[in-house]
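User: I've just opened this one and don't know my way around yet. Could you walk me through it?

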Amino acid sequence: MNGFHRHPETQAAVLGGFPLSEVFRYQESGGPIYAYDLDGIEAVARAVIGALGERAFVAYAMKANSAGSILRRLASVGAGADVVSGAELTLARRAGIGPRKIVMSGVAKSDAEIDLALSEDIRAIQVESIEELSRIEARARAAGKRGNVSVRINPNVSIDSHAHIATGHDAAKFGIVRDAWPAVLELAVRSSSLCLVGVSAHVGSMLRNFDAYLASAATVCELARAWASHAAPLEFVDFGGGYGIDYGTGEVPPPPHEFAARAKDLLRAQGLGSLELIVEPGRSLVGPFGALVARVIQSKVTHARRWVMINAGMNDMIRPALYGAQHRIEPLERSPEGQSWQVVGPVCESSDDFGRHDLGAEPPEAVVVRDVGAYGFTLASEYNGRPLPTELFLSAGRVVSSSQSPGAEAWIERRLRA
Ligand code: PLP
């Protein structure tokens with residue numbers, strides 16, 4: 001069975017058919033362990049790709065989780081990538097993703113990153129300002145190339161989400177605002193060093209319904225149609241990602257394949273069915289298929305609070321500290337029930353706090369943090385001299401690959417050399 005579930009008899013935590021209590025056997029040094037269900041990831045990607053149909057592709061937002069095992073699995077079912085740095089671009093290429101299925105986003109690409117994108121001949125550099133378009137034009141001209149660009153517009157759509165993950169409103173640093181669209185078009189069609197191939201938008205993350213996504217997509221379509229009449233026939237429109245997932249907070253967003261199906265319907269309804277459609281989901285492809293297993297170090301009980309202290313901290317999983325995100329934290333070997341405890345990590349910051357969770361009268365030996373497949377490991381750091389966690393990749397109920405923690409000694413040596 002894909003994803004997280006509990007063994008029907010023992011109630012022990014299971015991910016993709018693999019009993020999570022066994023993760024410790026695959027670890028070479030200490031620390032918390034991420035486990036990922038590759039089959040679950042593949043199944044969701046297939047569903048999204050199926051809903052998009054012909055003339056479309058998924059550009060997986062690999063910032064969500066850039067593990068090679070995940071990229072290769074997604075590439076094997078036909079996914080491309082949305083990259084936000086030169087390193088991500090090179091990684092995507094080496095993981096087997098073809099250049100025609102790669103788009104590059106990001107508000108401040110360096111000259112070296114632009115040059116790399118040009119030399120790899122990727123599908124499009126997503127331009128986020130007129131200033132950047134001029135820089136791409138100059139780099140392409142100097143290299144004697146024609147750069148494929150897509151204009152990432154800011155559709156001025158607000159979403160009901162955390163301020164740090166809302167990107168499509170006028171005050172956000174992302175995308176090109178409406179006033180600048182004519183100048184961008186002029187430069188893009190006038191220059192023989194640029195080839196305008198698409199229009200894109202991304203309104204933000206954790207969308208709970210279709211409203212903002214479709215409003216933004218309609219604006220993208222409106223512009224694509226208007227530009228076609230200015231001798232700028234495009235190859236594609238890109239509606240971005242942002243599909244929410246169920247973090248167990250009571251809000252259950254629609255599944256990602258429904259976002260994809262609605263996107264395709266909208267494109268057809270707008271009379272643009274001949275254009276290729278790109279979508280950029282990240283979280284929804286990987287988030288539910290990752291679990292972080294941590295040992296309980298100790299409890300601490302005072303007259304004010306009862307804490308359970310685990311060996312995973314904000315350096316391993318920063319979403320609660322960064323966005324106030326809530327993740328279910330449950331005993332590894334039994335269902336969550338009984339007394340609630342304040343779960344905290346060992347990092348010397350008061351924001352190293354994962355919230356209150358029902359762990360029982362006595363704290364368990366180990367816990368599982370659920371739905372951490374996206375923006376978990378990729379945001380991890382070595383703060384407080386804590387080495388990056390181990391990652392295990394599961395398929396058909398067994399471990400098929402791993403990335404071991406570099407361990408404390410590697411960190412000590414590097415800092416000594418600094
Ligand atoms: N596309 C762009 C341009 C993004 O900035 C992001 C996330 O920040 C995504 C896609 C993916 O968003 P999500 O992981 O919420 O699907």
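Analyst: Sure, here's a short tour in questions and answers; keep in mind that this is a predicted model.

User: Let's start with the barrel. In what order do its strands close?

Analyst: There are 8 strands in the barrel, and their pairing is parallel. Neighbouring strands of this sheet are turned by 30° against each other on average, ignoring direction. Going round, the order is S5-S6-S7-S8-S9-S10-S11-S12.

User: Which residue of S12 is the bridge partner of Phe-57?

Analyst: Look where strand S5 (residues 56-61) meets strand S12 (residues 276-279). These two run parallel and are joined by 3 bridges. In S12, the partner of Phe-57 is Ile-278.

User: Helix H7 packs on that sheet, so to speak; which strands does it touch?

Analyst: Helix H7 covers residues 211-228, and its direction makes about 150° with that of S10. The strands it touches are S10 (194-200) and S11 (236-238).

User: There's also an open sheet. Which are its edge strands?

Analyst: The open sheet has 3 strands in the order S1-S2-S3, with antiparallel pairing. Strand S2 (residues 13-15) and S3 are linked by 2 bridges, and Leu-15 stands opposite Phe-18 in S3. The strands that pair on one side only are the edges, S1 (4-6) and S3 (18-19).

User: How do H5 and H6 lie against each other, roughly parallel or roughly antiparallel?

Analyst: Helix H5 (residues 130-143) and helix H6 (residues 181-190) pack with their axes 10 Å apart, at an angle of about 5°. Angles under 35 degrees count as roughly parallel. So H5 and H6 are roughly parallel to each other.

User: What classes of residue make up the contact of H5 with H6?

Analyst: H5 brings Ile-130, Leu-133, Ser-134 and Glu-137, while H6 brings Ala-183, Val-184, Leu-187 and Ala-188. By class, that gives 6 nonpolar, 1 polar and 1 charged.

User: Which residues come nearest to the ligand?

Analyst: There are 16 residues around the ligand. By class, this shell has 5 nonpolar, 8 polar and 3 charged residues. The ones that come nearest are Ala-61, Ser-205, Gly-241, Gly-282 and Arg-283.

User: Last one: what distance separates the centres of domain 1 and domain 2?

Analyst: The domain assignment gives domain 1 as 4-37 + 287-417 and domain 2 as 105-281. They do touch, with 9 residues of domain 1 in contact with 7 residues of domain 2. On the domain 1 side, that contact has 2 nonpolar, 4 polar and 3 charged residues. Taken over C-alpha atoms, the centres are separated by 35 Å.

How values were computed. Residues are numbered from 1 along each chain as its sequence is written. This is a predicted model: local features need pLDDT of at least 70, side-chain atom pairs count only at pLDDT 80 or more; totals for chains, interfaces and linings use all residues. A residue is near a molecule or strand if its C-beta atom, placed from the backbone, lies within 6 Å of it. Ala, Val, Leu, Ile, Met, Phe, Trp, Tyr, Cys and Pro count as nonpolar, Asp, Glu, Lys and Arg as charged, and the others, Gly among them, as polar. Two strands pair if DSSP finds at least two bridges between them. Helices (H or I, at least four residues) and strands (E, at least two) are DSSP runs, numbered from the N terminus. Axes are lines fitted to C-alpha atoms, for helices over the stretch in contact, and angles run from 0 to 180 degrees between N-to-C directions. Two residues are in contact if their C-beta atoms, placed from the backbone, lie within 7 Å. Angles under 35 degrees count as roughly parallel, over 145 as roughly antiparallel, 65 to 115 as roughly perpendicular and the rest as oblique. Domain bounds come from an automatic or database domain assignment.
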